[in-house]
Amino acid sequence: MHPYPHTYIAGASGHSQGSLAVTSPQLPTLETAAPPEFDGPGGLWSPETLLCASLADCFILTFRAVSRAAHFEWLQLDCRVEGVLERIGQSSKFTRYTTHAYLKVPPDSDIGRARALLERAEHGCLIANSLSGERLLQTEIEVESSAAIA
């Protein structure tokens with residue numbers, strides 16, 4: 001890891017109508033628009049969905065690091081984040097983020113340890129730690145059957 005501070009650069013460009021181009025040096029451009037809830041066209045990434053995607057992505061990357069440090073083997077982690085946007089006084093803000101984590105582990109895995117590592121990843125996610133709003137974690141852990149490995 002590089003020493004702190006880290007600096008990240010992203011930008012956006014658009015016209016008076018239509019989608020926007022979200023860019024960052026040496027990365028593919030993303031086409032974005034307002035979500036349907038704000039009269040956007042749908043079918044494109046929005047700032048709201050990008051925020052939730054960032055949380056899900058950070059959660060999995062943090063779990064990778066936490067599980068590697070703990071020497072814990074796992075097979076697959078799927079994550080879905082639901083962000084709730086509400087009107088609070090004169091402004092809109094995200095008030096709650098629910099992370100749904102579905103972890104598949106090999107046979108004979110310690111399920112309690114897996115759940116503790118998922119919780120550690122949720123507490124260690126730097127994107128989530130940078131946001132206000134209630135955070136909830138719902139986990140489901142599946143042990144792969146021995147027959148599926150054969």
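Select L103 to begin: this residue is buried, with a relative accessible area of 1%, where buried means under 20% relative accessible area, exposed means over 50% and partly exposed lies in between, for a 1.4 Å probe and protein chains only. L103 is placed in strand 5; strands (E, at least two residues) and helices (H or I, at least four residues) are DSSP runs, numbered from the N terminus. The model on your screen is predicted, so that local features need pLDDT of at least 70 and side-chain atom pairs count only at pLDDT 80 or more, while totals for chains, interfaces and linings use all residues. Residues are numbered from 1 along each chain as its sequence is written, and side-chain values use heavy atoms, with hydrogens and water left out.

**Around L103**

Now show the neighbours of L103, taking contact to mean heavy atoms within 4.5 Å. Leaving aside residues up to four places away in sequence, L103 touches F63, W74, Q76, L77, A114, L118, E140, I141 and E142. For E142, one of these, the C-alpha atom is 6.2 Å from that of L103, although the two residues are 39 apart in sequence.

Which residues have the most contacts inside the largest nonpolar core? They are F59, F63, L77, L103 and L118, in a core of 24 residues; a nonpolar core is a set of buried Ala, Val, Leu, Ile, Met, Phe, Trp, Tyr and Cys residues joined through side-chain atoms within 4.5 Å. Helix 1, strand 4, strand 5 and helix 2 each supply at least two residues of this core, and the largest share, seven residues, comes from helix 1. In soluble globular proteins, nonpolar side chains tend to be buried together.

**The sheet**

Next, select strands 4, 5 and 6, which form an open sheet in the order 4-5-6 with mixed pairing; two strands pair if DSSP finds at least two bridges between them. Strand 4 (76-88) and strand 6 (134-143) are the edge strands, each pairing on one side only, and the twist averages 15° from one strand to the next. Strands of a sheet pair through backbone hydrogen bonds, either parallel or antiparallel.

Keep strand 4 and strand 5 (residues 91-105) in view: they pair in the antiparallel sense over 13 bridges. These two strands form a hairpin with two residues between them, and G89 in the turn has a positive phi of about 60°. Along the pairing, R80 has H100 in strand 5 as its bridge partner, and E82 stands opposite T98 in strand 5.

Is T98 buried or exposed? T98 counts as buried, at 8% relative accessibility. Its contacts, not counting residues up to four places away in sequence, are R80, V81, E82, L136 and Q138.

**The helices across the sheet**

Add helix 1 (residues 47-69), which lies across strand 4, strand 5 and strand 6 and runs at about 140° to strand 4. Helix 2 (residues 111-124) lies across strand 4, strand 5 and strand 6 as well, running at about 150° to strand 6. For these angles, axes are lines fitted to C-alpha atoms, for helices over the stretch in contact, and the angles run from 0 to 180 degrees between N-to-C directions.

Then follow the chain out of helix 1 to H71, in the loop between helix 1 and strand 4. H71 is exposed, with a relative accessible area of 70%. Its C-alpha atom is separated by 21 Å from that of D57, which lies 14 residues away along the chain.

**The cysteines**

Why does C52 form no bond with C79? The closest cysteine sulfur to that of C52 is in C79, and at 10 Å it is too far for a bond. The structure holds zero disulfides, a disulfide being a pair of cysteine sulfur atoms within 2.5 Å. C52 is buried, with a relative accessible area of 12%, and C58 is buried at 10%.

**The whole chain**

Finally, zoom out to the whole chain, which has four helices and six strands, running β-β-β-α-β-β-α-α-β-α from the N terminus on. The C-alpha atoms fill a box of roughly 55 × 35 × 35 Å, taken along the principal axes, and buried residues make up 26% of the 150 residues. Among contacts between residues at least 6 apart in sequence, 54% join residues at least 24 apart. The chain exposes about 10200 Å², of which carbon and sulfur atoms supply 53%; accessible areas come from the Shrake-Rupley method with a 1.4 Å probe, and for residues only the protein chains shown count as cover.
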